[in-house]
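Visitor: I have a new model open on my screen and would love some company while I look through it. Could you walk me through a few of its features?

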Amino acid sequence: MDRRGRLAQPLTWIAHRRTRVQTRFSRLFGPTAALLLPLALWTHEVFARIVRTRVPRGAGLAGTVLIVIASLSYGVIKGDRLPGIVEALKDARDQAANAAGFRIVSISVSGNAHVSREEILRIVGVTTRTSLLFLDVEDAREQLKTNPWIAEATVLKLYPGDLRIGITEREPFAIWQRQGEFFAIAADGTVLEPYAASRLVQLPLIVGRGADKAAKEFLTVLGRFPEIRDQVRASVLVGERRWNLRLRNGLDVRLPEVGPAAALERLAALDRDVKLISRDITAIDLRLADRVTVQLSPVAAQARADALKKKSITKKGDSA
């Protein structure tokens with residue numbers, strides 16, 4: 001109906017339209033026309049309403065602008081230019097803040113021994129163009145902690161232009177050999193860096209899968225026996241269950257899975273009493289609590305065999 005309460009279209013026109021659609025369907029689809037006719041009438045009505053809809057003024061311009069924006073956005077993302085645009089916006093923002101008096105003019109770094117000042121500033125993202133106003137101290141702190149050497153970090157802004165950074169570093173604890181490669185690790189097993197620095201050459205050497213996590217407890221026990229510890233070249237974790245010691249003279253010491261401290265105490269006592277470690281042997285087995293088994297070197301084994309043979313011959317001669 002129109003605004004005066006009258007029908008916007010005559011009912012006879014609608015009836016004629018329905019009749020025309022029904023006639024066409026009858027010709028095209030025959031007996032199935034009755035099933036398809038409701039759908040066809042509904043589709044026809046929707047299309048007719050779309051055609052009669054008046055487009056608001058400016059809709060074409062708005063659509064064009066949206067298409068242009070969408071195209072530009074697609075080009076930026078597809079061309080991988082978004083990071084560059086973001087960096088340019090950040091740089092413009094920092095330049096405006098610097099012009100307003102928030103330029104970083106003083107930077108103090110404390111607590112660093114293994115991480116250089118330059119590396120710390122690179123991690124934080126501070127350059128000559130960075131503004132103190134827009135520096136995110138929480139993000140800077142979290143970024144610093146991604147460096148394995150840095151356990152804790154504090155970042156403090158003192159307006160208008162002072163920045164203070166303090167870090168707490170992990171201490172190198174041991175050198176871990178894994179699949180032929182060497183790594184400096186902290187006491188908690190954190191891998192600090194590939195082993196390259198000469199300053200780390202005196203650290204204990206541990207070997208084997210899982211040794212990085214188990215080393216702290218074992219090396220603490222070993223440290224109670226300095227006379228043994230000072231002769232160890234490497235501590236080898238076997239099957240992630242027990243430790244073997246490779247001494248500097250090539251001797252292997254096999255420790256039990258349970259009670260390694262007691263075994264080390266027995267070894268220290270034997271070395272004090274009979275100089276066991278310095279004897280001509282290749283291995284000492286301490287895995288059994290009631291005995292100590294040693295393996296002679298090839299030369300010592302041959303000498304012992306010869307001595308036993310000579311002794312046997314002597315006994316036969318005496319009995320004859």
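Visitor: Is Arg122 buried, partly exposed or exposed?

Guide: Happy to help, and please keep in mind that this is a predicted model. The relative accessibility of Arg122 is 56%. The cut-off for the top class is over 50%, so Arg122 counts as exposed.

Visitor: Which side chain meets Arg122 in a salt bridge?

Guide: Look within helix 5, residues 117–124, where the two partners lie three residues apart, about one turn of the helix. The partner has 25% relative accessibility and therefore counts as partly exposed. The N to O distance of the bridge is 2.8 Å, and the partner of Arg122 is Glu119.

Visitor: How many salt bridges are there by this rule, and which residue is linked with Arg141 and Glu142 in a network?

Guide: The count comes to 11 salt bridges. Among them is the one between Glu142 and Arg141, at 3.1 Å from N to O. Glu142 is partly exposed at 41% relative accessibility, and Arg141 is partly exposed at 23%. The network of salt bridges links these two with Glu152.

Visitor: How far apart are the closest N and O atoms of Arg246 and Asp252?

Guide: Arg246 has 31% relative accessibility, so this residue counts as partly exposed. Arg246 forms a salt bridge with Asp252, and the closest N and O atoms are apart by 2.3 Å.

Visitor: Asp212 is buried, so which side chain of opposite charge is nearest, given the 4 Å limit for a salt bridge?

Guide: Asp212 sits in helix 7, residues 211–222, and has no salt bridge although it is buried. A salt bridge needs the nitrogen and oxygen within 4 Å, whereas the nearest side chain of opposite charge is 4.6 Å away. That side chain belongs to Lys213.

Visitor: Leaving aside neighbours within four places in sequence, what is Asp212 in contact with?

Guide: Two of the contacts also face each other in the strands: Trp176 stands opposite Ile206 in strand 7. Leaving aside those sequence neighbours, Asp212 is in contact with Trp176, Ile185, Gly189 and Ile206.

Visitor: Do strand 4 and strand 5 run parallel or antiparallel, and how many bridges join them?

Guide: Strand 4 covers residues 172–178 and strand 5 covers residues 181–186. One pairing to find on screen is Trp176 with its bridge partner Phe183 in strand 5. The two strands run antiparallel, and the number of bridges joining them is six.

Visitor: And how many bridges join strand 4 to strand 7?

Guide: Here the direction is parallel, with strand 7 spanning residues 205–207. The pairing of Trp176 and Ile206 mentioned above belongs here. The number of bridges joining strand 4 to strand 7 is three.

Visitor: What is phi of Gln179 near?

Guide: Gln179 lies in the loop between strand 4 and strand 5, a hairpin with two residues between the strands. Its relative accessible area is 78%, so Gln179 is exposed. Phi is positive, in a residue other than glycine, and near 50°.

Visitor: Where is Lys275, and what is its phi near?

Guide: Lys275 is found in the loop between helix 9 (260–274) and strand 11 (281–285). Here too a residue other than glycine takes a positive phi, near 55°.

Visitor: Is the peptide bond from Tyr159 to Pro160 cis or trans?

Guide: Pro160 has its place in the loop between strand 2 (150–158) and strand 3 (162–169). Omega for the bond from Tyr159 is near 10°, and the peptide bond is cis.

Visitor: What is the accessible area of the nonpolar patch that includes Tyr159?

Guide: The patch on the surface is formed by Leu133, Phe134 and Tyr159. Leu133 lies in the loop between helix 5 and helix 6 (137–144), and at 35% relative accessibility this residue counts as partly exposed. Together the three residues have an accessible area of about 280 Å².

Visitor: What separates the C-alpha atoms of Ser106 and Gly161?

Guide: Ser106 is in strand 1, residues 106–110, and touches Gly161, Asp162 and Leu163, not counting residues up to four places away in sequence. Along the chain, Ser106 and Gly161 are 55 residues apart. Their C-alpha atoms are separated by 6.4 Å.

How values were computed. Residues numbered from 1 in each chain as written. Predicted model: local features only at pLDDT ≥ 70, side-chain atom pairs only at ≥ 80, totals over all residues. Heavy atoms only, no water. Helix = DSSP H or I, 4+ residues; strand = E, 2+ residues; numbered from the N terminus. Buried < 20%, exposed > 50% of the residue type's maximum accessible area, 1.4 Å probe, protein only. Lys, Arg positive; Asp, Glu negative; His and termini not counted. Contact = heavy atoms within 4.5 Å. Pairing = 2+ DSSP bridges. Patch = residues over 30% accessible without salt bridge, like charges linked within 9 Å, V, L, I, M, F, W, Y side chains within 5 Å. Areas by Shrake-Rupley, 256 points an atom, 1.4 Å probe, with all protein chains shown as cover.
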